[in-house]
Amino acid sequence: VLGLVQNQRKGLYAWAGLANGALVFDEIHAYDDRLFGCLLRFLRDLPGIPALLMTASLPTARKAALERLCRERHGQDLAIIPGPKDLEALPRYRFVSAADPWPLVNETLAKGGKVLWVSNTVDRCLATADRAIEAGHVPLIYHSRFRYVDRVKRHAAVIEAFDPEKTPGACLAVTTQVAEMSLDLSADLLVTDVAPVSALIQRLGRLNRRSTPANPQPIKSALIVEVEQPLPYDECELTEARAWLAKLADRDCCQRDLVAAWTPQIQPVAEIPSAWFDGGFETEPKEVRKASPGITVLRSEDVPAVRTDASQAVAMVIPMPPPLKRSGWLTWKRLEHVPIAPPDSIDYHPLRGARWVK
């Protein structure tokens with residue numbers, strides 16, 4: 001939808017439908033600065049399209065930008081729909097620090113509990129899975145570097161494993177940021193790398209998720225793991241997260257506590273130039289999101305299936321970090337505009353995902 005703002009073809013082609021629709025923008029706290037800037041331009045320049053903005057926690061500066069836009073463009077205050085107070089005030093979590101998370105993980109699994117472990121990078125995720133296997137566990141691995149056809153199966157497998165009716169007993173899912181959104185499960189223990197506050201709040205949404213005022217569940221633990229490198233985040237984001245965690249230490253927490261303890265640094269939020277609104281006769285598309293290194297590739301082993309049925313290209317591609325420069329991936333052959341990785345350049349397993357062969 002926001003691609004429309006920057007002349008991207010899918011947005012332009014869908015314009016007639018968008019103009020006659022009502023739009024829901026979910027998880028807007030997770031938008032990077034450029035994407036949020038596109039959202040502001042969309043709302044300001046297309047004020048006749050009804051829009052619902054959804055968020056678990058919105059930094060003060062972004063909320064202020066939306067309030068200012070509403071007053072200037074619509075002449076009224078931003079309408080805020082509050083959440084149910086009794087649900088927001090229900091104690092759910094307790095943060096735990098431990099140099100070694102495995103004793104608590106092993107204890108939870110031994111009692112038949114369900115453990116969700118979220119790492120900040122795929123490499124850390126796979127290293128955790130290997131450690132779990134060494135300890136005699138059978139972890140479910142879920143991250144972004146799967147063929148789409150396999151990722152759908154991984155997603156379904158994790159959801160089913162955490163469903164006590166379909167899969168009673170213990171389970172361990174080892175994941176990355178893919179667990180932050182659209183993963184409807186409730187863990188008995190959350191182990192997570194330290195991450196930006198907004199990401200941690202999202203991850204906490206998978207912990208003790210089924211507790212309600214009518215049927216409150218016991219407090220569940222969230223165990224924070226320190227990281228040596230901040231990637232893919234900035235060190236300042238992790239510093240802010242550590243300060244936030246310090247305010248919540250050694251006490252039971254509800255959703256309201258998570259937001260109240262977050263006093264993010266005030267950063268200016270600005271609308272950005274739009275290739276569609278400002279570009280006149282310009283037709284070249286511009287970026288909607290902050291650039292991040294990565295390419296989408298097709299394994300040479302999957303080429304025959306795609307040649308037989310071109311619609312399989314979407315199911316077979318894999319999002320990957322850029323390979324080493326010496327690989328010359330820009331010169332690789334392409335199929336359906338997707339680079340074809342050379343034979344044996346990707347180590348792939350449908351249950352573990354993909355890695356470049358070193």
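Reader: Why are α9 and α10 called oblique to each other?

Author: This is a predicted model. The two axes cross at roughly 55°. Roughly parallel needs an angle under 35 degrees, and roughly perpendicular needs 65 to 115. The crossing angle fits neither class, so α9 and α10 are oblique. Their axes come within 9 Å.

Reader: Which residues make the contact of α9 with α10?

Author: From α9 come Val197, Leu200, Ile201 and Leu204. They meet Glu240, Ala241, Trp244 and Leu245 in α10. The contact divides into 7 nonpolar residues, no polar and 1 charged.

Reader: What makes one face of α10 the buried one?

Author: Buried means under 20% relative accessible area. Leu238, Ala241, Trp244, Leu245 and Leu248 meet that cut-off. Seen down the axis, they fall within an arc of 115°, so they line one face of the helix. On the other side, Cys236 and Ala246 are exposed. The cover over the buried residues includes α9, α11 and the strands β3, β8 and β9.

Reader: How do you know that the length of α8 agrees with the expected span?

Author: Helix α8 has 14 residues, which should span 20 Å at 1.5 Å a residue. Its end C-alpha atoms are 20 Å apart, so the two values agree.

Reader: What puts the buried residues of α8 on the same side?

Author: The buried residues are Asp150, Arg154, Val158 and Ala161. Their arc around the axis is only 75°, which puts them on the same side of α8. Among the elements covering them are β4, β5, β6 and β14.

Conventions. Residues are numbered from 1 along each chain as its sequence is written. This is a predicted model: local features need pLDDT of at least 70, side-chain atom pairs count only at pLDDT 80 or more; totals for chains, interfaces and linings use all residues. Side-chain values use heavy atoms; hydrogens and water are left out. Axes are lines fitted to C-alpha atoms, for helices over the stretch in contact, and angles run from 0 to 180 degrees between N-to-C directions. Helices (H or I, at least four residues) and strands (E, at least two) are DSSP runs, numbered from the N terminus. Angles under 35 degrees count as roughly parallel, over 145 as roughly antiparallel, 65 to 115 as roughly perpendicular and the rest as oblique. Contact means heavy atoms within 4.5 Å. Ala, Val, Leu, Ile, Met, Phe, Trp, Tyr, Cys and Pro count as nonpolar, Asp, Glu, Lys and Arg as charged, and the others, Gly among them, as polar. The expected span of a helix is 1.5 Å times one less than its number of residues. Buried means under 20% relative accessible area, exposed over 50%, partly exposed in between (1.4 Å probe, protein chains only). The arc is that of the directions from the helix axis to the C-beta atoms.
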